[in-house]
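Keep the sequence and the coordinates side by side as you read. The tour starts at a single pair of residues and widens from there.

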Amino acid sequence: MAQDSLDRRSFLKATGGAAAGVAVTTGSAGCLGGGGGGGGGGGGELVYARGDHPANYDPQQTTSGEVAKVTNQVFDQLIKFGAGSGGELVDGLATDYSLDGQTATLTLREGVTFHNGAELTAADVRATVRRFTDSEYDYYLGDSNRSGYGAFTFGDWVESVDASKDLEVTFELTQKFAPFLRNLAMFAAAILSKQQIEELGSSPDKQTDLGGNPQGTGAFTFDTLDNENNRLRLAANDDYWGDGPQLDAVIFKAIKQNSTRAQDVINGDSHITDNLDSQSSTQVENSDSATLASKNGINVGYMAFNMDRKEAFRNKQVRQAISYAVDTGSIVDDIYEGFAEQADQPLPPDVLGHNDDLEPYPHDPEQAQSLLEEAGETDLEFELATFSNPRGYNPSPVETANQVRSDLEEVGITVEINQFSTFSSYLEYTDAGKHDACFLGWYTDNADPDNFLYVLLDPKVEMDQVPDGQDWVSFDTEGYSPLNVSAWANSEFMKKVREAQSTYDEGAREKLYKEANALAREEAPWVFIDYAQTLRAVNSAVVGDSYTVSSVGGPHLDTVELE
């Protein structure tokens, strides 16, 4: 019999296994779920070095992980991922929650205040959701301003939000939706202040100003945004509801070059950095003043084919040919040097529904040329868009692009590399569907298979909007989500992942996701490149295990202490 409801305890038991197999070092539950306490800092300034410096820190306007690193310090979610976790949930702004059929009910924590002094109530939760999804709301962020997260976090699933009780929120959903409680822990589900939303005014353009002065309930307050010098300072929140923070402040600074950023940690000029490649990881391992912290990552790196823009990519044989031609084994072994493994499907290991029976496409130029000849595409040319700053799933994007170009030249395909200097401008380009092919990747938001298969490969349009006999749709189709940068719209795949969303039976979901992964592997909307380890360089000034690497959420800087 299929399950019809999940309460807090059974939900955690049923879905905590989504990331089973990941080695977990769990931080103190009190740091994230403790009742009361207030931090106050007192432990110096932590410097976090990263590869890029975005200018907007509104969690509803971005899909960037670089933004999430900051907003996860400033805001809280109703439910959170524990420090050092591989997807385990802990209490956030809600202390009790259940999902019964199409109704989710949450009890809010008492005595929580926003950085602007306003007290958290259910009205803040309702205003947050409406700003993100409701075009009839006076303070709606706007279709062109809100990120693609709006639809799959709340918009596609939330029918209404009842905030009639100050400390209880009830969501009525449009259907049974298994990942919903996990969605509430994602960075884009950060709870905003209704007071701040209303003070910004009813113009969507004015609502975008929130990104320059976000006011959440988190362990750190937004202090100084220095775009000219690529720096951002957060100050300790003395009124934080949890047990942290242990620091006076956190400074984020941008250093694009991996080796320079790693050396900055080794020198003690910064304390933590991420998105390391093999060379910079070796630098850290060979140093006396820093350590390399790692964890199995829940992520995927890929090269997507834009079927809307490039007609040749609508032919499965062409996509398969390129998958055979690109030597992903060499990319993983020679460029990433063992800090990743070859991908064979969109869903990484350690997530419910990963299909262990699948294998990566072998490097087979002869098979690639044969398929291209059958498809009548022996003179193919296309643009490959790439970012230049390191990402964990692609720590050496330019070198990877050159490898792809070289591999494809071997089978007669001409590739023009289009390199972007900033990740934010790159995402604007791919979101608009201007690329022929592009590199991207995904770190899980919630350790649920839906967060990969539906979010990245379902176009999120009505089934009848996909023409018969066609497995793609245009970017300007009503309701289309640009997170699907391939424009792939395979009806069989869509039916499987949508059915899996609406069942709470874990066995049934697993079967559907395994089938969907096999189909995606065969249809090849992406070149599946890698699943990367999550790597961090940590200076010895960071106390013991006060900082732990998380595969989901974070970084959890409220727990960090400095010598």
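Which residue in β18 does Val 300 stand opposite? The partner is Trp 442. The model is predicted, and this pair is a good place to enter it. Val 300 belongs to strand β14, residues 299-305. That strand runs antiparallel to β18, residues 437-443, and seven bridges join the two.

Now widen the view to the sheet around this pair. Six strands make up an open sheet with mixed pairing. Read across, the order is β15-β19-β14-β18-β16-β17. The edges are β15 (340-342) and β17 (414-420), each of which pairs on one side only. Between neighbouring strands the average turn is 25 degrees, with direction ignored. In a regular strand, side chains alternate between the two faces of the sheet.

Two helices lie across strands of this sheet. Helix α14 spans residues 397-409 and crosses β14, β16 (381-387), β17 and β18. Its direction makes an angle of about 165 degrees with β16. Helix α15, residues 423-431, lies across β16, β17 and β18. The angle between α15 and β18 is about 110 degrees.

Step back to the chain. The domain assignment gives domain 1 as 45-289 and domain 2 as 299-534. Their centres, taken over C-alpha atoms, are separated by 27 Å. UniProt, in an unreviewed entry, lists residues 89-459 as "domain: Solute-binding protein family". Over that range the chain is 30% helix and 24% strand. The C-alpha atoms at its two ends are 28 Å apart.

How many residues of domain 1 are in contact with domain 2? The count is 33, and they touch 33 residues of domain 2. An interface is often sized by the accessible area lost when the parts come together. Here about 2,600 Å² is buried between domain 1 and domain 2. Carbon and sulfur atoms give 57% of that area. On the domain 1 side, Phe 152, Asn 275 and Ser 278 lose the most area to domain 2. Together these three account for 20% of what that side buries.

Charge pairing between the domains comes to one salt bridge. Look also at Glu 66 and Arg 391, whose side chains meet in a salt bridge at 3.0 Å, N to O.

Domain 1 covers 45-289, and a hairpin can be followed there. Strands β7 (158-165) and β8 (168-173) pair in the antiparallel sense over five bridges. Two residues lie between these strands in the hairpin. Lys 165 in β7 stands opposite Glu 168 in β8.

Finish with the backbone. Most residues other than glycine have a negative phi, and most peptide bonds are trans. Three places depart from these patterns. Which bond joins Gly 244 and Pro 245, cis or trans? That bond is cis, with omega about -5 degrees. Pro 245 sits in the loop between β10 (231-236) and β11 (249-254). The peptide bond from Gly 554 to Pro 555 is also cis, with omega near 0 degrees. Pro 555 lies in the segment after β20 (534-539). Asp 350 has a positive phi, near 75 degrees, although it is not a glycine. Asp 350 is placed in the loop between β15 and α13 (365-375).

How values were computed. Residues numbered from 1 in each chain as written. Predicted model: local features only at pLDDT ≥ 70, side-chain atom pairs only at ≥ 80, totals over all residues. Heavy atoms only, no water. UniProt positions renumbered as here; feature names shortened; annotations may be inferred. Helix = DSSP H or I, 4+ residues; strand = E, 2+ residues; numbered from the N terminus. Pairing = 2+ DSSP bridges. Axes fitted to C-alpha atoms, helices over the stretch in contact; angles between N-to-C directions. Contact = heavy atoms within 4.5 Å. Domains from an automatic or database assignment. Buried area = accessible area lost by both parts, 1.4 Å probe. Salt bridge = Lys/Arg side-chain N within 4 Å of Asp/Glu carboxyl O.
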